[in-house]
Amino acid sequence: MALGHFYKMMTADEQQLLHRIAQQSILNGLQHSQALAIKLDDYAESLREQRATFVTLHIAQELRGCIGTLIPHRPLVEDIAHNAYAAAFSDPRFAPLQAQEFELLDYHLSILSPTSPMSFSSEEDLLRQIRPGIDGLILKEKHQQGTFLPSVWEQLPQKEAFWQQLKLKAGLATNYWSDSLQVSRYSVESF
């Protein structure tokens with residue numbers, strides 16, 4: 001089963017609307033200290049489907065926040081509003097966004113396909129299956145977990161480096177391997 005073909009692609013108008021929702025949610029956060037409240041009846045059915053999303057914020061091409069969900073559990077428009085607010089104000093790597101930074105933000109929205117567990121017999125077998133530039137990966141080992149969106153391939157284009165950095169993100173050593181490792185992949189529609 002191919003990834004990324006479970007939903008229709010967002011139209012240009014829908015993409016612009018989702019960008020506006022992300023912006024409005026952050027502005028609402030600056031003004032009222034909470035995410036934008038979404039009235040679902042105001043949106044098309046395609047924007048009310050339960051979807052998992054990530055919102056990534058940059059200022060001058062430097063990361064300023066990135067928060068998302070891996071498992072769909074709320075309507076797409078609500079997930080974008082929530083994750084935009086969280087990326088601006090709750091990413092533990094950054095101080096909460098300040099008002100003077102708002103106009104400087106660049107928004108990158110990612111809508112995830114359903115995740116697909118991978119089967120592999122060894123680390124080499126896993127690396128052979130990974131598709132650079134396409135796959136986002138979720139690594140789980142007991143209580144530790146990490147994910148990289150497909151956009152991370154831009155910084156880490158080599159499979160081995162991508163995989164090692166994902167292990168570090170999950171709190172594992174770069175040379176860690178166990179037969180109990182679980183890896184799932186997903187693709188994204190990014191705009």
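This is a short dialogue on reading the helices, cores and sheet of a predicted model.

Visitor: Let's start with helix α1. What span should its 21 residues have?

Guide: Use 1.5 Å a residue. For α1, residues 12–32, that rule gives 30 Å. The end C-alpha atoms lie 29 Å apart, which agrees.

Visitor: Which residues of α1 are buried?

Guide: Glu 14, Leu 18, Ile 21, Ala 22, Ser 25, Ile 26, Asn 28 and Gly 29. Their arc around the axis is only 155 degrees, which puts them on the same side of α1. Now look at the other side. Ala 12, Asp 13 and Gln 31 are exposed there.

Visitor: What covers the buried residues of α1?

Guide: The cover includes two helices, α2 (45–48) and α3 (76–89). It also includes strands β1 (53–59) and β3 (105–112).

Visitor: Which residue follows α1?

Guide: Ser 33 does. Its phi is positive, near 60 degrees.

Visitor: On to the cores. Where do nonpolar side chains tend to be?

Guide: In soluble globular proteins they tend to be buried together. Here, the largest nonpolar core has 29 residues. Leu 18, Ile 21, Ile 26, Leu 57, Ile 80 and Leu 105 touch the most other members. At least two residues come from each of α1, β1, α3 and β3. The most come from α3, which gives 10.

Visitor: What does Ile 21 touch?

Guide: Leave out residues up to four places away in sequence. Then Ile 21 touches Leu 36, Ile 38, Tyr 43, Val 77, Ile 80 and Ala 81. There is also a second, separate core, with 17 residues. Leu 126, Ile 130, Leu 156 and Leu 172 are among them.

Visitor: Back to α3. How many of its 14 residues are buried?

Guide: Check the length before the burial. At 1.5 Å a residue, α3 should span 20 Å, and its end C-alpha atoms are 20 Å apart, which agrees. As for burial, 12 of the 14 residues are buried, so the helix is mostly covered. The buried set includes nonpolar core candidates such as Ile 80, and also Asp 79 and Asn 83. Among the elements that cover them are α1, α2, β1, β2 and β3.

Visitor: Now the sheet. How do strands pair?

Guide: They pair through backbone hydrogen bonds, either parallel or antiparallel. This model has an open sheet of four strands with antiparallel pairing. The order is β2-β1-β3-β8.

Visitor: Which strands stand at the edges?

Guide: β2 (62–68) and β8 (188–190). Each has a single partner strand, so one side of each is left without a neighbour in the sheet. The twist averages 20 degrees from one strand to the next.

Visitor: How many bridges join β1 and β3?

Guide: Seven, in the antiparallel sense. To find one by eye, take Phe 54. Its bridge partner in β3 is Ser 110.

Visitor: Where do the helices meet the sheet?

Guide: α1 packs on it, touching β1, β3 and β8. The direction of α1 makes about 120 degrees with that of β3. Helix α3 lies across β1, β2 and β3. It runs at about 35 degrees to β1.

Visitor: One last residue, Arg 185. Buried or exposed?

Guide: Relative accessibility decides, and buried means under 20%. Arg 185 is at 15%, so it counts as buried. It is found in strand β7, residues 182–186. Compare its place with Arg 128: the two are 57 residues apart in sequence, and 14 Å apart in space, C-alpha to C-alpha.

Technical notes. Residues numbered from 1 in each chain as written. Predicted model: local features only at pLDDT ≥ 70, side-chain atom pairs only at ≥ 80, totals over all residues. Heavy atoms only, no water. Expected span 1.5 Å × (residues − 1). Buried < 20%, exposed > 50% of the residue type's maximum accessible area, 1.4 Å probe, protein only. Arc of directions from axis to C-beta. Contact = heavy atoms within 4.5 Å. Core = buried A, V, L, I, M, F, W, Y, C linked by side-chain atoms within 4.5 Å. Pairing = 2+ DSSP bridges. Axes fitted to C-alpha atoms, helices over the stretch in contact; angles between N-to-C directions.
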